Amino acid sequence: MNTWLNRLKKATYNTSIMYNLRMIIAFAGTAFLPYFLDQQLMTIPLTLGVVAAGLSDIDDRFSVRIMNLLYTYIGFFVTAASVTLLFPYPVFFALGLIISCIGWILLGSLGRRYATISYGCLVISVYSMLGVGLFEPWYMQPSLLVIGAAWYGLISTISFLLFPVRQVQDKLSQCYASLGDFLFSKSNLFDVDMTSESYQQSMIGLSMENGKLIGIFNDMRTALLTRLKGDRGQRDTRRSLQYYFVAQDIHERADSAHIDYQKLAKMFEHSDILFRFQRILSLQGKACKDLSDSILNRNTYQHNARFKHAFKNLRHSLDRLRQSQNYDQVWVNALFSLYQNLKSIDAQLQNVETERHIKYDQSKQFENQLKDDDLKGWEDIKSRITQHLTPESVLFRHAIRVSVVLFIGYVFVQITQIEYGYWVLLTALFVSQPNFNATKRRLRLRIIGTLAGIIVGYAILYFVPTVEGQLLLLILSGVLFFDLRSKQYAQATAFITILALINFNLDGLGFEAALPRLIDTVIGCAFAWFGVSFIFPDWKFRRLPRTINRSLEAQCQYLAEVVDQYHHGRNNALNYRIVRRAAHNTDAEVASLISTLATEPDFDPTQKSLAFEFLCLNHTFISYIAALGAHREKVHDPEILGLLDQALDDIKGALLRDEMPDLTAHNMLQTIRLRLNQSDEESAKALIILQQLSLMFSILKQFSTLKQSLSHERDDQSTELASL
C-alpha cells in the first residue's frame, strides 16, 4: 500500500504528467458531453475554445488569475461575436480585421499577461472564421467558444489551487538546470589544448548558454513577483525567493573571469592545475543539475562529498605553484582569486538547504526585493503604448506585418473562394514571428507537420470509422499538441492537424478537408514568408549598433555600481540587482542577435565576422566586471578608490564616447602594484582589483575599435539604402 502511495505522490510531482492529465480531462469534456447530448457539432467550437484558452493560460496568483480569466472570456466573446456579425460585410470585416489585429498585438506592450490574452483573441478570431455557418443564431458559436475556454479555465484553476507553487518550483528547477549547463560550458574554457578557433567557439557557446539562463531568470523573477504581491508569509514563496537569489549569486561568480583563458592555457599547458579547475566546474555543474532534480521531486539536496577532496587537491596544487619560481605570481594570484570564487559557489550549494539560508531575514528586507514592472496607472499604459508607435519598435513592425498579411490572405480567400480558405489566415497567424529567422524555421516545420498530420489523419478516418474511437483520438491529439508545442513544433502541428480533421469529420467533411488543409497551409506559409521578407523586413543585423550601444551602456552602469560598493561597502540591494540584470539582459540580447546573422538574407560576411568577435569580447568584458563584483568589499585605500574612479571614467569614455584613454589609470595601476605586500590581507583585496582592471584595459582598445567598426558598417549600409 505504501509503495503505491509513494508512486502516486511522485506522479503528482511530475509536472508533465499532471499537465497532460489536465488536458485529458479538458478535451474529454468537450468531446463526450456533446456526444451524450447528441449535439456532435458542438464539439468543434468547444474544443477550439479549449485550445485557445490553453494557448492563453497565464501563471499568476489566484486573485489575478481570476481577473485574467474574466478578461480572456470577455475578449474571446467580443472577438468571436464581431467576426460573426461582420462576416457578411467584407469591407467592414476587412477594416475590422486590420484594426483589431494591430490593437491586439500592440496591447502586448503592456506586459506578459496582456500579450498572452491578446494572442488568444487573435487565435479565436480565426477559429470563428472557420466556424461561421455552423450555427444559425449569431451568439451560438461565440458562446460555445467561451464555454470551452471556461471549462479549461475551471480545470486549470482547480489544478492551481491543488498545487499553488508548482509553476514556481518548475521554473526554479529550470534555473538550476540551466545554471548547470552554464557551468559545464564554462569548464570548456579550461581546456589545455585550446586554440584560437576553439576558444571563440567556446566563448560563443558560453554566451548562448548565458542568454538561455538569463531568459529563465527573467521568467522566474516574474513568477516570484506576482506571488510575493499576494504573499501572506508563506514559507514556500520566501524559500523560492532565497533559492533564486542564491542562483543569481552563483551565476555572477561563475560568469566572472579573473584571467585571460587563452594565455592561461598556454602558460599552464603542462600543469595539472587547469584539469583541476575544469573538474570542479564540471562537478558544480552536476551539483546544480542534482539540485534542480531535488527541487522538482521535493527531495533534500545532498552535496557531493567529492568536493572536499577536489578542493583540497586544488589548493595543494596552487600552493606548489606559489612556491615555484617558474610562474609569474600575478597569474598565480589570479588563480587563487578564482579558487576563492569556486569555494564561494561551493558554500552556496552546500548551505542552500539549511534553515539560515531559507529563513526570511527581516533585517535584510532591502536585499529581498524585486523590481515591480507592472502597470502603475493610465499614464503608464499611455507611455508604454506610445513608445511602440514607431517603425523602430519590433512590436509595431510585427503588428503592421501580421495585419497586412491577414488582410491580403482575406482578400485572396474572398477573390478565389478557395475551399476552407480561412486555414490560410490561421496558418499565416501561427507562422508569423517578429523576426525572419523564427518565421523561416516555422514555415518548414509547419508544412512538414501538416503533411504528416494529413497522412496519419487519413489513416485514422479510414481505419477508425466509429465516432467513439475518433473522439478518443481527438483527445489524444489535443493532449499531444499541448505537450509538444514548445518542444517539437512539427510534431505538434501534425497532432493539431489530426484534431482538425477529426473535428471536420464530425460534420461529415473529414476526407474532403484533408487536401485543402495542406494547400491552405502552403499558401498561408507563402503569405507569412512574403510578410516577413517585404513588409518592414526585420533584418536583425541592421539593429546591431543600437543593441551594442545599449549593452555597453548597461555594462558601464553595472561597473559604476560595483565601483560605488567598493567605496561604501557590499550590499545586494535592489538597485545593484537591477543594473546587473540589465547588463546580462543586454549581453544576452547581443548574443541572440548575432547568432541569427547567418540566417538573414544578404548579410555582410565581413560584418558577421566582426560581430562574432565582438560577441566574445562583450561577454569577456562583462565577466571581468562580474569578477570585480564577486569580490566587492569596502576599500579604505584612497589610491585604490581613485584608481577605480579613473578607470571607470576611462572605460566610459572609450566605450560610450569613442575616446581613447590616456595612461593616467595605467600608471596609477603600476605604481600601486609595486607598493603592495602580497602577504597583507588588504593588499590581497587590492591585487584582485588591479588584476581585473588590467584585464579590462588589455581588451579595451580592441573592444572600442570593434564597436566603432560595426557602427560604421551600419552607417555605410544606411547611406546605401538611402541612395536607392
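These exercises work through helices, packing and salt bridges in a predicted model.

**Exercise 1. The overall make-up**

Task: State how many helices and strands the chain has, and what share of its residues count as buried.

Solution:
- Start with the elements. The chain has 28 helices and 0 strands.
- Turn to burial. Of the 724 residues, 54% count as buried.
- Now look at contacts with a separation of 6 or more. Residues 24 or more positions apart account for 81% of these contacts in the chain.

**Exercise 2. The span of two helices**

Task: Compare the reach of α12 with the span expected at 1.5 Å a residue. Do the same for α19.

Solution:
- α12 covers residues 273-297, which is 25 residues.
- From first C-alpha to last, α12 reaches 36 Å, close to the expected 36 Å.
- Check what comes after α12. R298 follows, and its phi is positive, near 60°.
- α19 covers residues 436-463, which is 28 residues.
- α19 reaches 40 Å between its first and last C-alpha, close to the expected 40 Å.

**Exercise 3. What buries α19**

Task: List the buried residues of α19, then name helices that cover them.

Solution:
- Buried means under 20% relative accessible area.
- In α19, the buried residues are F436, T439, L443, L445, R446, G449, T450, G453, I454, G457, I460 and L461.
- The cover over these residues includes α18 (422-431), α20 (467-484), α21 (489-505) and α22 (510-534).

**Exercise 4. How α19 packs on α22**

Task: Describe the packing of α19 and α22 by angle and axis distance, and sort their contact by residue class.

Solution:
- Two packed helices are described by the angle between their axes and the distance between the axes.
- For α19 and α22, the angle is about 180° and the axes lie 10 Å apart.
- Angles over 145 degrees count as roughly antiparallel. Therefore α19 is roughly antiparallel to α22.
- Next, find the residues that meet. On the α19 side they include F436, L443, I454 and Y462. On the α22 side they include F511, L518, W529 and V532.
- Sort the contact of α19 with α22 by class. It has 15 nonpolar, 5 polar and 2 charged residues.

**Exercise 5. Three salt bridges**

Task: For the pairs D181 and K289, E252 and R580, and D649 and R657, give the N to O distance and decide whether each residue is buried or partly exposed.

Solution:
- A salt bridge needs a side-chain nitrogen of Lys or Arg within 4 Å of a carboxyl oxygen of Asp or Glu. By this rule the count comes to 17 salt bridges.
- First pair: D181 and K289 meet at 2.7 Å, N to O. The pair links distant parts of the chain, with D181 in α8 (residues 166-187) and K289 in α12, 108 residues apart.
- D181 has a relative accessible area of 29%, so D181 is partly exposed. K289 is at 25%, so K289 is partly exposed.
- Second pair: the closest N and O atoms of E252 and R580 are 3.2 Å apart. This pair also links distant parts of the chain: E252 sits in α10 (residues 235-255), R580 in α24 (residues 574-595), 328 residues apart.
- E252 is at 0%, so E252 is buried. R580 is at 6%, so R580 is buried.
- Third pair: the closest N and O atoms of D649 and R657 are 3.9 Å apart.
- D649 is at 43%, so D649 is partly exposed. R657 is at 42%, so R657 counts as partly exposed.
- Finally, look for shared partners. Salt bridges join R22, D57 and R65 into one network.

Terms used: Residues are numbered from 1 along each chain as its sequence is written. This is a predicted model: local features need pLDDT of at least 70, side-chain atom pairs count only at pLDDT 80 or more; totals for chains, interfaces and linings use all residues. Side-chain values use heavy atoms; hydrogens and water are left out. Helices (H or I, at least four residues) and strands (E, at least two) are DSSP runs, numbered from the N terminus. The expected span of a helix is 1.5 Å times one less than its number of residues. Buried means under 20% relative accessible area, exposed over 50%, partly exposed in between (1.4 Å probe, protein chains only). Contact means heavy atoms within 4.5 Å. Axes are lines fitted to C-alpha atoms, for helices over the stretch in contact, and angles run from 0 to 180 degrees between N-to-C directions. Angles under 35 degrees count as roughly parallel, over 145 as roughly antiparallel, 65 to 115 as roughly perpendicular and the rest as oblique. Ala, Val, Leu, Ile, Met, Phe, Trp, Tyr, Cys and Pro count as nonpolar, Asp, Glu, Lys and Arg as charged, and the others, Gly among them, as polar.
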